[in-house]
Amino acid sequence: MIQVKDLHKSFGKLEVLKGINANIEEKEVVCVIGPSGSGKSTFLRCLNLLEEVTSGEVIIDGENLTDPKIDINSIRSRVGMVFQHFNLFPHMTVLDNITLGPRKIKKMSKSEAEAAALPLLEKVGLSDKASVYPDSLSGGQKQRVAIARALAMEPKVMLFDEPTSALDPELVGDVLEVMQDLAKEGMTMVVVTHEMGFAKEVGNRVLFMDEGIVMEEGSPQQIFDNPQNSRTQSFLSKVL
Amino acid sequence: MEALLNSDYMKPMPYLLEGLLYTLLITFVGLFFGFVIGAIMGFGRLSKNKLIYGLSSIYVEIIRGTPLLAQILFIYFGLSQLLDINMHKLVAAILAIALNAGAYIAEIVRGAVHSVDKGQMEAGRSIGLTKTQTMRYIIWPQAFKRMIPPLGNQFVISLKDTSLFSAIAVGEMVYQAKTYYATTFTPFETLSMVCLLYLVITIPTSLYLRRIERRLDV
């Protein structure tokens, strides 16, 4: 589903990604862990070109994102993204947040888009919040709306950039539960996270990143129970 | 009552109210075009294109760095000479307000658009909207809300600025007052009424703006 080949990304003179190779299969849930500053968020943001790629290739669903002729908007509409700080549209109701994409990009009518949005709201457990503004929601609720908004475009892949890092601890569970349900339904997911429990239970594979490269990768059991790389060992000893 | 109506304070009122009409006409029409110019130049100031950014910056800096009176004289006399035309006074006045307010509005637009969280653009792009669509449906509505208080402020400033058009004999309020008291020798009474008429517009506007501002805060 996603192939990343020798991906480099520099901000000015600072090289953040120093050659990433990764292969993400359909229906796979890949968790990316690592210390802050390791480049894991940048890596995720390169997967829908929110960051321009310096060199290397990112191929999603057979289309090469680094090809200058590619229609990036069409790719982005098939790759859902969930941000650490939700980034809901504060001037729109929850329902309008979710239907904006389908209406403007898929050219659905308002009623069509709303009919499609309601089951999504139900899925994230917020059916009663359709007509409220994001302001009145808790962080956890906001993030679930953000997930519904991304799902409304019927993406083939969902990218999560530290989706629970900005949440109060007691609100993390609801969001992780929604993500777990998504994983069970067979959604292909790439999750940058600090939730080691989630990575262990839901992830099919874990990438440990440090200093702009993938230091170690493997099944959650391999990474968490028997890490080979000394960096992985020292990172896990600090967070577990 | 009779005495009040016939007082030296009330006698200039018909002339002043006629002037007020011009004052309001120039302000509203001038600001309408000023907003169009300001929006274009404001986006120019946000542009990554160096030429567009440079041109809009030069415009903003020239207007903000020179006095309005000089701009008015330049447009009315200078441009008329250069283009060898006989510019209508009212056209010159509206053009001057539009160009002058446009520069300040450009900065208002730039600041408001810039103040919208970067994550909003990313969220819009990530669901597949183009840059233009994201600007139109997501950034602009939020930015516009933030522009309302400073735009109202600019309205008050431009309204007062129209008094400078007395220099080119546009029949706005101050000019009307000057021609009136030149024959009646009652400048104190006349100008008191002029100030009062300005305040009747500016004070309620300011109060209303403060209310909007408070409401936008929450």
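In the predicted model, Phe35(B) counts as partly exposed, because its relative accessibility of 24% lies above the 20% under which a residue is called buried. Phe144(B) is likewise assigned to the partly exposed class, at 33% relative accessibility. Phe35(B) and Phe144(B) belong to one aromatic cluster, which also contains Phe43(B) and Trp140(B).

Over all chains, 8 aromatic pairs were found in the whole structure. In one of them, the ring centres of Phe208(A) and Phe235(A) are separated by 5.3 Å and the ring planes meet at 40°, so this pair is classed as tilted. The two residues come from distant parts of chain A: Phe208(A) belongs to strand E9 (residues 205-210) and Phe235(A) to helix H9 (residues 230-239), with a separation of 27 residues. Both Phe208(A) and Phe235(A) are buried. In chain B, the rings of Phe35(B) and Phe144(B) have a centre distance of 6.2 Å, and the angle between their planes is 85°; the pair is therefore edge-to-face, for which the angle must be over 60 degrees. This contact also links distant parts of its chain, since Phe35(B) is located in helix H2 (residues 13-46) of chain B and Phe144(B) in helix H7 (residues 131-161) of chain B, 109 residues apart.

Charged side chains are also placed over aromatic rings in chain A. The charged end of Arg149(A) is positioned over the ring of Phe89(A), at 4.4 Å from the ring centre. Lys200(A) lies over the face of Phe224(A), with a distance of 5.5 Å to the centre of that ring.

Chain A contains an open sheet of 4 strands, arranged in the order E2-E1-E4-E5 with antiparallel pairing. The edges are formed by strand E2 (14-24) and strand E5 (63-64) of chain A; each has a single partner strand, so one side of each lacks a neighbour in the sheet. Strands E1(A) and E2(A) are joined in the antiparallel sense by 8 bridges, and Val4(A) has Ala22(A) as its bridge partner in E2(A). The hairpin made by E1(A) and E2(A) has 2 residues between the strands, and within this hairpin Gly12(A) adopts a positive phi near 60°. Strand E1 (residues 2-11) of chain A is also connected to strand E4 (residues 55-60) of chain A, in antiparallel orientation, through 5 bridges. In E4(A), Ile60(A) is the bridge partner of Ile2(A), and Glu57(A) is that of Lys5(A).

The largest pocket encloses about 1,200 Å³ of space. It is lined by 30 residues, of which Lys48(B), Lys118(B), Met121(B), Arg125(B) and Lys131(B) are the closest to the pocket centre. Elements of both chains give two or more residues to the lining: helix H2 (72-76) in chain A, and H2, helix H5 (89-115), helix H6 (118-126) and H7 in chain B. The largest share is that of H7(B), with 5 residues. By class, the lining comprises 14 nonpolar, 12 charged and 4 polar residues. Helices H2 and H7 of chain B, which contribute to this lining, also carry Phe35(B) and Phe144(B), respectively.

Note on methods: Residues numbered from 1 in each chain as written. Chains lettered and ligands numbered in written order. Predicted model: local features only at pLDDT ≥ 70, side-chain atom pairs only at ≥ 80, totals over all residues. Heavy atoms only, no water. Phe/Tyr/Trp six-rings, centres within 6.5 Å; stacked < 30°, edge-to-face > 60°. Buried < 20%, exposed > 50% of the residue type's maximum accessible area, 1.4 Å probe, protein only. Lys NZ or Arg CZ within 6 Å of the ring centre and 35° of its normal. Pairing = 2+ DSSP bridges. 1 Å grid on protein atoms, 1.4 Å probe; cavity = no way out; pocket = protein on both sides within 12 Å on 5 of 7 lines; lining within 4 Å. Points joined across faces, edges and corners; volume = space filled by probe spheres on them. Nonpolar A, V, L, I, M, F, W, Y, C, P; charged D, E, K, R; others polar.
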